[in-house]
Amino acid sequence: MEITFDKFIYPNDLQRQRELFVECFPENIGTSAASIEHYLWKFRSFPNNNTDKAYEYVARLDGRIVGYYAGLPYEYLVSTKKVKVAMVCDVMTAKEARGKGIFTKLGIYATSMFKEAGCSFSIGFPIRPEVIPGHLKAGWKVLFRIPMVGRFMRTDKFLEYHGLGVLSHGANVVTYFLSKVITLLNPIRDDVSVEDYSSSHLENID
């Protein structure tokens, strides 16, 4: 078996990339995130400038794509200097190719290509713990952990997804009342204020 690493070829590789996406992220089957339109929005329409879209690289096993590694081209202001940064997202390895070190090798290849593309550094926010070892082997450093909070807006679909559909009847009503109780027990402090900004007014935030 021959493993090669090279650039993602659009649009030739697009269908396989979408297949790999739903294989690696099955929770997105049937959602807009699995569509070609979503890919085009996320990776081919980035407004940073007219030349850089996403940085996309693949691992091929006997010519078939078994790994994908992408970075979105962000601009960061470091002190007073603008620098290009690759924000890594949608890293994937096909089930048939796992346990062969392909993810680590693809990570090393892709980040070296980010450098060739003029990126000063790359960043990522992995949410799946199983990818961390491969990232670390490729030279990534864990800088900090991002706290995450969540709030159930409805629970019927969650219960159905986990095979507990019989409990879903009335689940949203219970969730609603629990939310109200929690809010009453944790009132917003008097010295806390909330301001609402649109994306066109970000420069107005202190």
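Visitor: Is E19 buried, partly exposed or exposed, and what is its relative accessibility?
Guide: In this predicted model, E19 lies in helix α1. Since buried would require under 20% relative accessible area and exposed over 50%, the residue falls in the class between the two, and E19 counts as partly exposed at a relative accessibility of 36%.

Visitor: How far apart are the C-alpha atoms of E19 and Y76?
Guide: E19 belongs to helix α1, and Y76 is 57 residues away from E19 along the chain. The separation of E19 and Y76 in space, taken between their C-alpha atoms, is 32 Å.

Visitor: At what angle do helix α1 and helix α2 pack, and is the arrangement parallel or perpendicular?
Guide: Helix α1 covers residues 14-24 and helix α2 covers residues 36-43, and their axes are 11 Å apart. The angle at which the two helices pack is about 100°. Because angles from 65 to 115 degrees count as roughly perpendicular, the relation of α1 to α2 is described as roughly perpendicular.

Visitor: Which residues of α2 make the contact with α1?
Guide: On the side of α1, the contact is made by L14, Q15, Q17 and R18. Taken together, the residues of this contact divide into 4 nonpolar, 2 polar and 1 charged. The partners that α2 contributes are I36, Y39 and F43.

Visitor: Where is P11 found, and which residue does a cis peptide bond join to P11?
Guide: P11 is found in the loop between β1 and α1. The peptide bond in question has an omega of about 5° and is cis. The residue that this bond joins to P11 is Y10.

Visitor: In which strand is A59, and what is its relative accessibility?
Guide: The place of A59 is in strand β2. Leaving out residues up to four places away in sequence, A59 touches T4, F5, R64, I65, V66, G67, I102 and L106. A59 counts as buried, because its relative accessibility is 0%.

Visitor: How many Å separate A59 and T111, C-alpha to C-alpha?
Guide: A59 lies in strand β2, and T111 is 52 residues from A59 in sequence. In space, the distance from the C-alpha of A59 to that of T111 is 13 Å.

Visitor: What covers the buried residues of α3?
Guide: The buried residues of α3 are I102, F103, T104, L106, G107, A110, M113 and F114. The helix that holds them has 15 residues and reaches 21 Å from its first C-alpha to its last, close to the 21 Å expected at 1.5 Å a residue. The cover over these buried residues includes β1, β2, β3, β4, β5 and α4.

Visitor: With which residues is K105 in contact, leaving aside its neighbours within four places in sequence?
Guide: K105 lies in helix α3 and is partly exposed, because its relative accessible area of 46% is neither under 20% nor over 50%. The C-alpha of K105 is separated by 18 Å from that of Q17, 88 residues apart along the chain. With the sequence neighbours set aside, the residues in contact with K105 are F5 and K100.

Visitor: Why are the buried residues of α6 on the same side, and what arc do they cover?
Guide: In α6, A171, T175 and S179 are buried. An α-helix has 3.6 residues a turn, so residues three or four places apart point the same way. On the other side of α6, V174, F177 and L184 are exposed. The buried residues are placed on the same side of α6 because the arc that they cover around the axis is only 75°.

Visitor: What is the distance between the end C-alpha atoms of helix α6?
Guide: Helix α6 runs over residues 171-185, and its 15 residues at 1.5 Å a residue should span 21 Å. The distance between its end C-alpha atoms agrees with this, being 21 Å.

Visitor: Is D90 buried or exposed, and what is its relative accessible area?
Guide: D90 is found in strand β4, and its phi is near 55°, a positive value in a residue other than glycine. D90 is buried, because its relative accessible area is 13%.

Visitor: Is S79 buried or exposed, and what is its relative accessible area?
Guide: The place of S79 is in the loop between β3 and β4, and its phi is near 60°, a positive value in a residue other than glycine. S79 is exposed, because its relative accessible area is 70%.

Key:
Residues numbered from 1 in each chain as written. Predicted model: local features only at pLDDT ≥ 70, side-chain atom pairs only at ≥ 80, totals over all residues. Heavy atoms only, no water. Axes fitted to C-alpha atoms, helices over the stretch in contact; angles between N-to-C directions. Helix = DSSP H or I, 4+ residues; strand = E, 2+ residues; numbered from the N terminus. Parallel < 35°, antiparallel > 145°, perpendicular 65-115°, else oblique. Contact = heavy atoms within 4.5 Å. Nonpolar A, V, L, I, M, F, W, Y, C, P; charged D, E, K, R; others polar. Buried < 20%, exposed > 50% of the residue type's maximum accessible area, 1.4 Å probe, protein only. Expected span 1.5 Å × (residues − 1). Arc of directions from axis to C-beta.
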